[in-house]
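Work through the exercises below with the sequence and the structure side by side. Try each task before reading its solution.

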Amino acid sequence: MHTMPDAATPPSLLIERGASLRTFNTFGLPALAKTLVKVQSEADVKKVVNHPELGRAPKFILGGGSNLVLTQDVNLCVIKVEIKGIRLLETRDDAHIVEVGAGESWHETVRWCLDQGLPGLENMALIPGTVGASPVQNIGAYGVELKDRFESLDAVDMVTGRTVTLDGDACGFGYRDSIFKRHLSGKSVITRVRLRLPRPWVPVLGYLELERKMTETGIAQPEARQIFDWICEVRRAKLPDPAVIGNAGSFFKNPVVTPEQCRDIIGRDPEIVHYPLDDGSFKLAAGWMIDACGWKGKSIGRAGVYERQALVLVNRGGASGAEVVTLARAIQESVYGRFGIRLEPEPVVV
Ligand code: EPU
């Protein structure tokens, strides 16, 4: 690997060839990027678009690498987004608007908002990754999704080099999904996200784990900071810290089925954990199904199923992306064999 300032661009744009991506993905999987460019401003992104050689190359956009399974070297121009900055942009009657650079840590952003007396993100504490990645898969936890706290974002179109501002409707948010996972994949770089924190603040306490904390502590009306602390405790108890054990959070989406399918499965497996959705369909707990198939704590090669949460696959040390994918396929087959449900991976597999 070598680092060289490119003659055709101003010196601030650093281009690396054959760069290791191991430390840039939370699974800790080994892979090289043919070309890696770190961007620290919107102007840097535009320099990439106008670069005589990089401009035409297909792009791969990397945030915190927390939702990524690398099974091979990346033969594209990898853009690592390191755009910083966070500020309270505006206070309206109905909301505070906070503007955040795409390269800021999501969790630190949640903490910063609370420190400024701006509650609303506390249920999404400790989600790994960057702010720029948060709209891509519409992150969510404990009853709140990014789309519920989203105002707009700025992104640079990698073909025209123009900045576009998109609101929530334009982002096409769905369950762990948005247009950035679909037709805009690799075509636009998110540079800034504006978060909408509703006023007055209303706590979201409907999740079983939070109800349990309220009962245990006798705190019936928790402050946002208290909810933040509880969420951190709940997550630390059952999700592995990527800094200690490589992982990408939930490996599979929770499948959504029709009432008929749900009834059929309950008929055979009365214990199955399921939740009714507003549109009449049901969401099934993939973690429960994987657990029921006996996978918890099992491994294939150096890839394993986390002991405390079967929905999370982990790198037991030195795993390859191929081992992770082999394990994921074996799990998909056993879940299909027993429940007739095809589990869909949540992270992007490259
Ligand atoms: N369960 C088991 N065994 C397991 C795992 C889960 O029986 O090994 C059961 C649990 O007891 C529970 C049910 O399955 O009754 C659901 O599990 P849990 O509440 O832990 O939530 P989840 O469905 O596994 C989802 C999100 C998480 C998010 C939590 C809380 C997805 C794919 N995952 O997990 O998001 O933190 O709800 O809202 O939607 C992520 O996306 O990376 C992520 C961690």
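Two strands count as paired if DSSP finds at least two bridges between them. Keep in mind that this is a predicted model.

**Exercise 1. Trace the sheet that holds β15, β16 and β17, and place the helix that lies across these strands.**

Solution.
- Step 1: strand order. The sheet is open and has 3 strands, in the order β15-β17-β16. Their pairing is antiparallel.
- Step 2: edges. β15 (256-257) and β16 (274-276) are the edge strands, and each pairs on one side only.
- Step 3: bridges. β16 pairs with β17 (residues 282-284) over 3 bridges, in the antiparallel sense. His274 stands opposite Leu284 of β17.
- Step 4: helix. α6 (residues 259-268) lies across β15, β16 and β17. Helix α6 runs at about 45° to β17.

**Exercise 2. Work out the order, edges and pairing of the sheet that contains β14, β18, β19 and β20.**

Solution.
- Step 1: strand order. This open sheet has 4 strands, ordered β14-β20-β19-β18. Pairing is antiparallel.
- Step 2: edges. β14 (246-250) and β18 (299-300) each have a single partner strand, so one side of each is left without a neighbour in the sheet.
- Step 3: helix. α8 (residues 321-339) packs on the sheet and touches β18, β19 (303-305) and β20. The direction of α8 makes about 35° with that of β19.
- Step 4: β14 with β20. The two strands run antiparallel and are joined by 3 bridges, with β20 spanning residues 312-315. Gly246 has Asn315 of β20 as its bridge partner. Asn247 is partnered by Val314, also in β20.
- Step 5: β19 with β20. These strands pair over 3 bridges in the antiparallel sense. Val305 has Leu313 of β20 as its bridge partner. A hairpin through 6 residues joins β19 to β20.

**Exercise 3. Which way do Val312, Leu313, Val314 and Asn315 point from β20, and are they buried or exposed?**

Solution.
- Step 1: the rule. In a regular strand, side chains alternate between the two faces of the sheet.
- Step 2: the directions. Val312 and Val314 point one way from β20. Leu313 and Asn315 point the other way.
- Step 3: the burial. All of these residues are buried.

**Exercise 4. Describe the surroundings of Glu99 in strand β8.**

Solution.
- Step 1: location. Glu99 lies in β8, which covers residues 95-101.
- Step 2: burial. The cut-off for buried is under 20% relative accessible area. Glu99 has 10%, so Glu99 is buried.
- Step 3: polar partner. The side chains of Glu99 and Arg194 are joined by a polar contact of 2.7 Å.
- Step 4: contacts. Leaving aside neighbours within four places in sequence, Glu99 touches Gly85, Ile86, Arg87 and Leu89, among others. Its contacts also include Arg192, Val193 and Arg194.

**Exercise 5. How many residues surround the ligand, and which are the closest?**

Solution.
- Step 1: the count. The ligand is surrounded by 25 residues.
- Step 2: the closest. These are Tyr142, Tyr175, Lys238, Gln309 and Glu346.
- Step 3: distances. Tyr175 places a polar side-chain atom 2.7 Å from an oxygen atom of the ligand. For Lys238, a polar side-chain atom also lies 2.7 Å from a ligand oxygen. For Gln309 the distance from a polar side-chain atom to a ligand oxygen is 3.0 Å.
- Step 4: cover. On its own, the ligand has 820 Å² of accessible area, and the protein covers 82% of that.

Definitions and conventions:
Residues are numbered from 1 along each chain as its sequence is written. This is a predicted model: local features need pLDDT of at least 70, side-chain atom pairs count only at pLDDT 80 or more; totals for chains, interfaces and linings use all residues. Side-chain values use heavy atoms; hydrogens and water are left out. Contact means heavy atoms within 4.5 Å. Axes are lines fitted to C-alpha atoms, for helices over the stretch in contact, and angles run from 0 to 180 degrees between N-to-C directions. A residue is near a molecule or strand if one of its heavy atoms lies within 4 Å of it. A polar contact is a pair of N or O atoms within 3.5 Å; within protein, one must be able to donate a hydrogen and the other to accept it, and residues adjacent in sequence count only if both atoms are side-chain atoms. Accessible areas come from the Shrake-Rupley method with a 1.4 Å probe; for residues, only the protein chains shown count as cover. Buried means under 20% relative accessible area, exposed over 50%, partly exposed in between (1.4 Å probe, protein chains only).
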